[in-house]
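Reader: I'm in my first year and still learning to look at protein models. Could you pick one part and walk me through it slowly?

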Amino acid sequence: MSPLARIRAIAPPSAVAAGLIAVTVGVTSAAAIVFTAARAAGADAREISSWMLALGVGIAVTCAGLSLRYKAPIVTSWSTPGAALLATSLSGVSMEKAVGAFVFSAVLIMVSGLTGGFARIMDRIPVPMASALLGGVLLEFGTGLFSQMGGSFTIAFPVFVLYLFARRLLPRYAVLIALGGGVVASVLTGGWHVERVRLSLAQPVFTAPEFDWKVLVSVGVPLFVVTMASQNLPGVAVLRGSGYEVPVSPVLTWTGAVQAVLAPFGAFGINLAAMTAAICTGDGAHPDRQRRYLAAVWAGVFYLCVGLLGATVASLLTAMPHALVLAVAGVGMLATIEAALASALSDPKSREAAVVTFLATASGVTLLGIGSAFWGLLAGVLTSVITSLGRRRRAPAPEPAPRPVKAASRTPERTSV
């Protein structure tokens, strides 16, 4: 094999592009929330940079390690709902006690993985319902492509058109071509603010954990519940909806273990990704689904770069047009949304439950601090149970089996002599 062919085998352009887009979407959509959560705990600039470093390293290790181990596109991320929870619940909590809550949440995730309870729950979810859950999670990004055309038409529309043409002519590089066209369009329209970018490396800052039972109950337990219900649950649904039967328990155990080790440096939550994972599981990542794990590996490489350049990432986010991120994410998920909806509606018996799951998940409702993915699944399960009971009542009673006919007597009749 020539050196060029070896490079293309390790770094297919479509897989590298999918990994880059997944990281770009994940960082731009949630980094600001992470910074807000760190400030709520009283973190200074060095500690915020350490949080980004710890999260970047932890995600890189789990992304690349788990994907290579199971040969599946296992994309991990930080817990965005968890960061939002921390931003509102860490006010007045010291950094030491906050880190103690991070460690406690990680231990609970490890226990759920070691006991296998979460995997048993996932095994009972029908494929159409999991696909509907996936479609509901991704709907916001799919509609984001078109919603951006109202205020940023000169960026979003070229991305959309280039993607459509590339899907017919060069389908392997459709998303990459759309990204390149969007960058050019945003530069020509003056959407980039390069003067805001500053280069600097992150440094780790160790904080010894302090375990306060009040903080563990008020912060650690809700962080665990939110991470499992709003991140790991749809994350598993994305993988299974895309046809990847990955063992759930070992994956959860490893993400919890890595979070526990890096929590003193600011890793508040490392879990399976959902929306960004769909970018690496679709056709755009690689035409051969057995090779799409390379997209997740490259996502891990890019997350490592994000961690090392934590302060630089913050400045880059302010320089990049948000419309470009949403538009590229939208075209990158079109094929995945199409496949999810087709699978969700394939079985007439479970179609109503799948539709309810899809609508409830897409609604974005949040109750008790838990995101819509959990409530969408709960609504779908409730619908499935009630409709199945209705079908049982309407089913006609089986007809009684016919009684066996007695054989005619074969005793010869008496005849008179």
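Author: Let's take a close look at how the helices pack, starting with α8 and then moving on to α3 and a few single residues.

First, keep in mind that this is a predicted model. The chain has 17 helices and two strands, and 52% of its 417 residues are buried. Take the contacts in the chain with a separation of 6 or more: 84% of them come from residues 24 or more positions apart. You'll meet some of those long jumps along the way.

Now find α8, which covers residues 153–169. Two of its packing partners are worth a slow look, and we'll start with α15, residues 322–344. The axes of α8 and α15 are 9 Å apart, and the angle between the two helices is about 25°. An angle under 35 degrees counts as roughly parallel, so α8 and α15 are roughly parallel to each other. Their crossing is right-handed. If you'd like to see who does the touching, colour I155, A156, V159, F160 and Y163 on the α8 side. Across from them, α15 brings A323, L324, A327, V328, V331, L334 and A335. Sort the residues of this contact by class and you get twelve nonpolar, no polar and no charged.

Next, turn to α9, residues 174–188. Here α8 packs at an angle of about 155°, with the axes 8 Å apart. Angles over 145 degrees count as roughly antiparallel, which makes α8 roughly antiparallel to α9. The crossing of α8 past α9 is right-handed. On the α8 side, the residues that meet α9 are T154, I155, P158, V159, L162, Y163, A166 and R167. On the α9 side they are A174, V175, I177, A178, G181, G182, A185 and S186. The classes in this contact come out as eleven nonpolar, four polar and one charged.

Put those two lists next to each other. I155, V159 and Y163 of α8 appear in the contact with α15, and I155, V159 and Y163 are also among the residues that meet α9.

Now let's move to α3, which spans residues 45–70. Its partner here is α11, residues 248–262. These two pack at an angle of about 155°, with their axes 10 Å apart, and that makes α3 roughly antiparallel to α11. Once again the crossing is right-handed. From α3, the residues in the contact are A54, V57, G58, T62, L66 and Y70. They meet P250, V251, W254, T255, V258 and L262 from α11. By class, that contact has nine nonpolar, three polar and no charged residues.

While you're on α3, look for its ring at W51. The structure holds eight aromatic pairs, and W51 with F102 is worth zooming in on. Their ring centres are 5.6 Å apart and their planes sit at 85°, so this pair is edge-to-face. W51 is in α3 and F102 is in α5, residues 95–115, so to speak a link between distant parts of the chain, 51 residues apart. Both W51 and F102 are buried. F268 joins W51 and F102 to form one aromatic cluster.

Just past α3 you'll find K71, in the loop between α3 and β1. Its phi is near 50°, a positive value in a residue other than glycine. For background, most residues other than glycine have a negative phi. With a relative accessible area of 43%, K71 is partly exposed.

Compare that with another loop residue, T207, located between α9 and α10. T207 has a relative accessible area of 9%, so it is buried. Setting aside neighbours within four places in sequence, T207 is in contact with E47, M95, E96, V99 and P264.

One last stop is L294, in helix α13, residues 293–308. L294 has 8% relative accessibility and so counts as buried. Here's one of those long jumps: L294 and I10 are 284 residues apart along the chain, and their C-alpha atoms are separated by 7.4 Å. Not counting residues up to four places away in sequence, L294 touches A9, I10, P12 and A15.

Methods
Residues are numbered from 1 along each chain as its sequence is written. This is a predicted model: local features need pLDDT of at least 70, side-chain atom pairs count only at pLDDT 80 or more; totals for chains, interfaces and linings use all residues. Side-chain values use heavy atoms; hydrogens and water are left out. Axes are lines fitted to C-alpha atoms, for helices over the stretch in contact, and angles run from 0 to 180 degrees between N-to-C directions. Helices (H or I, at least four residues) and strands (E, at least two) are DSSP runs, numbered from the N terminus. Angles under 35 degrees count as roughly parallel, over 145 as roughly antiparallel, 65 to 115 as roughly perpendicular and the rest as oblique. A crossing is left-handed if the near helix is turned anticlockwise from the far one by less than a right angle, and right-handed if clockwise. Contact means heavy atoms within 4.5 Å. Ala, Val, Leu, Ile, Met, Phe, Trp, Tyr, Cys and Pro count as nonpolar, Asp, Glu, Lys and Arg as charged, and the others, Gly among them, as polar. Rings of Phe, Tyr and Trp (its six-membered ring) pair if their centres lie within 6.5 Å; planes under 30 degrees apart count as stacked, over 60 as edge-to-face and the rest as tilted. Buried means under 20% relative accessible area, exposed over 50%, partly exposed in between (1.4 Å probe, protein chains only).
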